[in-house]
Amino acid sequence: MGQIEELERELESIKYQVGQIQLGLSRATHAVVDIKEEQKKLQQMQAQIQSNMQQANMQQPQAQMQSPMQSQPQMQPNMQQPQPNMQQPQGMQSQYRPMQQGVAPAQSMNGQQSMGQAINQPMQNLQQFSTANQQNRQQFNPAYQQNRQQFNAAYQQNLQQLNPAYQQNPQSAFRNINNANKNSAESWIGKHLMGVFASVLIFIALILFASLIIPYLNDVIKIGLMFTVSIALTGFAFYEHQKRPGNTFFTALLACGIGCSYLSILVTRIYFKAIGDVAMYVLLLGWAGIILYMGKKESKLFQVIGNAGYIISALLAWNLKDGALVLPVLVYLLIMGGAFQYNFRKDNLQRTIQSCINLAIILYFATRIGHNVEKCVSLTVSAGLIVVISAAYFAAFLFGKKLINSANKTFFASASAIVFYISFLLLADCLEMPKWIALMAFFGVAAIAEAEAFLQRNKKENETVSFFKSFWITAWFAIAEIGTYILYQEFFDSGALFVALLPLAVYGVKKEYALFRNQAIILAALMTLLENFGEWSIIFCAVELVYAIIVLVMEGFVVKKSFEYKFIWYFYVQACIALLFWTVADKSAFGNDGFRIMCAVIPVGIFNMLMRMLKFDRDDKGVSNITALMVLDGVNAAGLLLGLYNIYMVEGAALQGINIAFTTALACVNVRRHFAGKSAEKLYAGIKFGIILIVSLITYDAAGYIISVATLAFAILCIFIGFNKIFGAKELRIYGLVLSMICVVKFIMIDITYENTIGRAISFLISGILCFAISALYNHFEKQGQ
């Protein structure tokens with residue numbers, strides 16, 4: 001690993017130097033572009049001179065006209081030839097020598113006396129061209145030479161800085177880079193896998209040789225040979241590894257030697273029993289120090305080796321029961337874990353892995369070793385130490401950024417909280433603390449996590465992390481409530497937890513903070529559910545109802561922004577009302593089912609009517625929500641059905657009258673809307689009141705003819721209202737007419753008997769008068785055109 005890191009740093013340096021070279025090349029490229037632009041201008045001027053010369057020599061023989069034109073092909077190839085290599089500075093100057101040679105023939109051509117005065121003007125143009133050419137060369141040649149010199153100097157300087165070894169052997173300077181980039185399967189098998197196989201085979205060979213020699217040796221020689229071979233193998237492999245860190249064979253051999261040293265310590269204690277437990281852990285501690293020293297460069301490899309020995313040594317104490325060894329073993333584990341945590345602190349992955357291992361070791365000590373050993377001072381001190389260390393881990397994961405500076409710290413915070421509380425339970429058991437202290441500590445963990453979530457409420461978090469944080473904190477509080485119910489049920493029945501939860505609920509609703517909002521309803525519902533497993537307390541139900549009403553007022557009449565939360569609390573208040581009055585009725589003298597149902601249903605229906613009157617269905621802008629309105633009407637209809645059921649169930653005229661009055665009141669809640677609405681709603685109102693009338697008469701055991709007379713009177717009322725210009729509806733009139741016809745048929749077919757009584761006669765007389773009234777109503781309104 002050290003060689004790879006060095007190669008990576010060398011590669012970064014080379015990349016930087018190459019960037020500098022590319023910058024110099026870019027500057028030289030710009031200079032070359034400028035030179036090409038000047039060449040194009042010179043070519044244009046030369047083409048203009050050639051054109052003038054051709055015009056001047058039109059009268060000359062064709063053979064003479066072609067002689068000056070032959071210089072042009074000679075000049076153009078020389079002008080357009082590719083640029084020389086940038087590493088040869090003289091190449092740029094050679095561009096202009098052909099140009100001079102191309103101009104010289106033109107000058108000699110213009111010097112011919114045979115052309116005379118006919119070409120005086122072309123000669124003047126040629127002189128102008130030569131003058132401009134010399135001026136341009138004087139302008140851009142120094143600039144080019146200056147840029148070229150700067151480029152060469154930067155290139156040589158960068159080349160010297162790339163790698164000192166480059167000047168000695170340029171090929172070897174880049175061979176390591178090429179080799180470092182080889183990640184093929186062949187390279188991995190040859191370098192890594194075969195090294196592992198080699199260490200395994202050597203390890204097996206050592207075991208086989210030992211099995212052949214061991215029968216002829218005593219214990220002292222065996223132990224000495226084990227340590228000698230292990231230390232010699234480790235020392236040789238370490239020396240070669242330091243000398244050639246890129247050779248993975250020696251890395252694997254070093255790991256093999258370290259493993260042999262670790263096994264030698266264990267075999268000396270477990271098999272030969274030549275040393276005690278304390279001496280074994282001291283030797284293992286020294287072994288861990290060597291691991292940490294060697295693991296400065298190959299940190300990941302030695303972290304695996306060191307933690308393997310760390311975990312194995314911890315598991316050796318699985319059946320530890322000697323109280324005197326508890327503290328030394330814990331000190332060993334803490335030193336090992338702390339040293340590994342510090343040594344592997346630079347890499348985030350290594351820190352995370354080491355934190356998990358250390359937490360697991362603490363949990364193992366608290367659960368296994370702590371319960372194997374009888375209570376003693378050593379165990380108490382050990383429990384106190386692991387409580388402090390686990391609390392430090394919990395605080396570091398919750399508030400700090402040293403161990404894990406990512407969203408994963410939320411998951412580790414919950415795990416460290418569990419380890420801390422289990423460790424605290426061990427300490428509480430050693431000190432024989434009261435149960436309420438352990439319960440308060442449990443609440444304290446959730447309260448600290450809640451405070452951290454509150455402080456971080458304005459920061460954006462991943463949805464998964466945010467959900468898990470809310471989940472584990474709420475679940476922790478829920479477990480605390482369950483523990484309170486089991487351990488201190490009387491305190492739970494007092495409703496004190498609702499009082500403690502109320503500030504969170506009010507703040508969550510007021511500030512629209514989702515965590516507090518959800519906890520307010522989840523924890524309250526859990527307490528209600530827990531109370532259901534025991535005997536209901538009137539005080540608990542009363543405090544619960546007050547708590548629910550306060551939060552409902554905040555959600556439904558102060559904030560009014562969330563339809564979901566508002567109706568969750570609406571139904572929760574309904575449940576609290578029913579539970580309170582059910583509990584009161586159950587503890588009273590009239591403890592029958594009908595009376596309890598009546599006491600539960602009537603307050604719920606009254607509360608629903610109150611919410612309907614207070615326009616609970618409207619939001620913060622005053623707009624009525626159709627879904628909310630339907631929910632209120634649905635609860636009202638359910639109350640009607642339960643009211644009709646209670647009329648049958650309760651015993652006694654007074655209670656029946658109360659239920660009839662309650663059911664009628666519920667039916668009257670939406671009467672105004674029914675009669676202001678469509679015809680179907682008016683018909684629904686008529687059917688609703690008709691059912692209540694008939695059920696009430698049957699409940700009081702009224703005679704059949706009395707039911708017929710009352711129903712006929714109600715039918716006439718429906719017909720009369722149906723003819724009203726404001727509230728009338730044809731459907732309501734037809735309903736009344738059909739109802740009256742049913743009553744007449746019932747009179748004739750059922751109610752008429754051979755028993756002639758004054759009441760029966762009066763009822764028939766009244767019914768006949770009512771039928772005449774129906775006829776009169778139809779005649780009256782027909783004359784008015786209705």
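The paragraphs below go through salt bridges, aromatic pairs and charge–ring contacts in a predicted model.

The salt bridges come to a count of 8. One of them joins Asp 429 to Lys 375, with the closest N and O atoms 3.6 Å apart. Asp 429 belongs to helix α17, which covers residues 409–431, while Lys 375 sits in the loop between α15 (348–372) and α16 (377–399), so this contact ties together parts of the chain that are 54 residues apart in sequence. Neither end is fully covered: Asp 429 is partly exposed because its relative accessible area is 39%, and Lys 375 is partly exposed at 48%. The contact is also part of a network, in which salt bridges with shared partners join Lys 375, Asp 429 and Glu 432.

A salt bridge between two loops is formed by Lys 561 and Glu 512, whose closest N and O atoms are 3.4 Å apart. Lys 561 is in the loop between α23 (538–559) and α24 (563–586), and Glu 512 is in the loop between α21 (496–511) and α22 (514–532); the pair therefore ties together parts that are 49 residues apart in sequence. Lys 561 has a relative accessibility of 55% and so counts as exposed, since the cut-off for that class is over 50%. Glu 512, at 40%, counts as partly exposed.

Asp 586 and Arg 596 meet through their side chains in another salt bridge, at 3.1 Å from N to O. Here the link runs from helix α24, which holds Asp 586, to helix α25 (residues 593–613), which holds Arg 596, and the two residues are 10 apart. The accessibility of the two ends can be set side by side: Asp 586 is partly exposed, with a relative accessible area of 42%, whereas Arg 596 has 10% and therefore counts as buried, the limit being under 20%.

The aromatic side chains come next. A pair of aromatic rings is described by the distance of the centres and the angle of the planes. The count of aromatic pairs comes to 32. Among them is the pair of Phe 442 and Trp 476, which is stacked, with 4.5 Å from centre to centre and 15° between the planes. This pair links distant parts of the chain, Phe 442 lying in helix α18 (residues 435–455) and Trp 476 in helix α19 (residues 463–487), 34 residues apart. Phe 442 and Trp 476 are both buried.

Ring pairs also build a cluster, made up of Tyr 485, Phe 492, Phe 498, Phe 540, Tyr 547, Trp 569 and Tyr 572.

Charged side chains meet rings as well. Arg 517 places its charged end over the ring of Tyr 565, 4.5 Å from the ring centre. The charged end of Lys 566 sits over the ring of Phe 616, and the distance to the ring centre is 5.2 Å.

The last residue to consider is Ala 653, in helix α27, which covers residues 653–667. With a relative accessible area of 48%, Ala 653 is partly exposed. Its C-alpha is 9.2 Å in space from that of Thr 699, and the two residues are 46 apart in sequence.

Terms used: Residues numbered from 1 in each chain as written. Predicted model: local features only at pLDDT ≥ 70, side-chain atom pairs only at ≥ 80, totals over all residues. Heavy atoms only, no water. Helix = DSSP H or I, 4+ residues; strand = E, 2+ residues; numbered from the N terminus. Buried < 20%, exposed > 50% of the residue type's maximum accessible area, 1.4 Å probe, protein only. Salt bridge = Lys/Arg side-chain N within 4 Å of Asp/Glu carboxyl O. Phe/Tyr/Trp six-rings, centres within 6.5 Å; stacked < 30°, edge-to-face > 60°. Lys NZ or Arg CZ within 6 Å of the ring centre and 35° of its normal.
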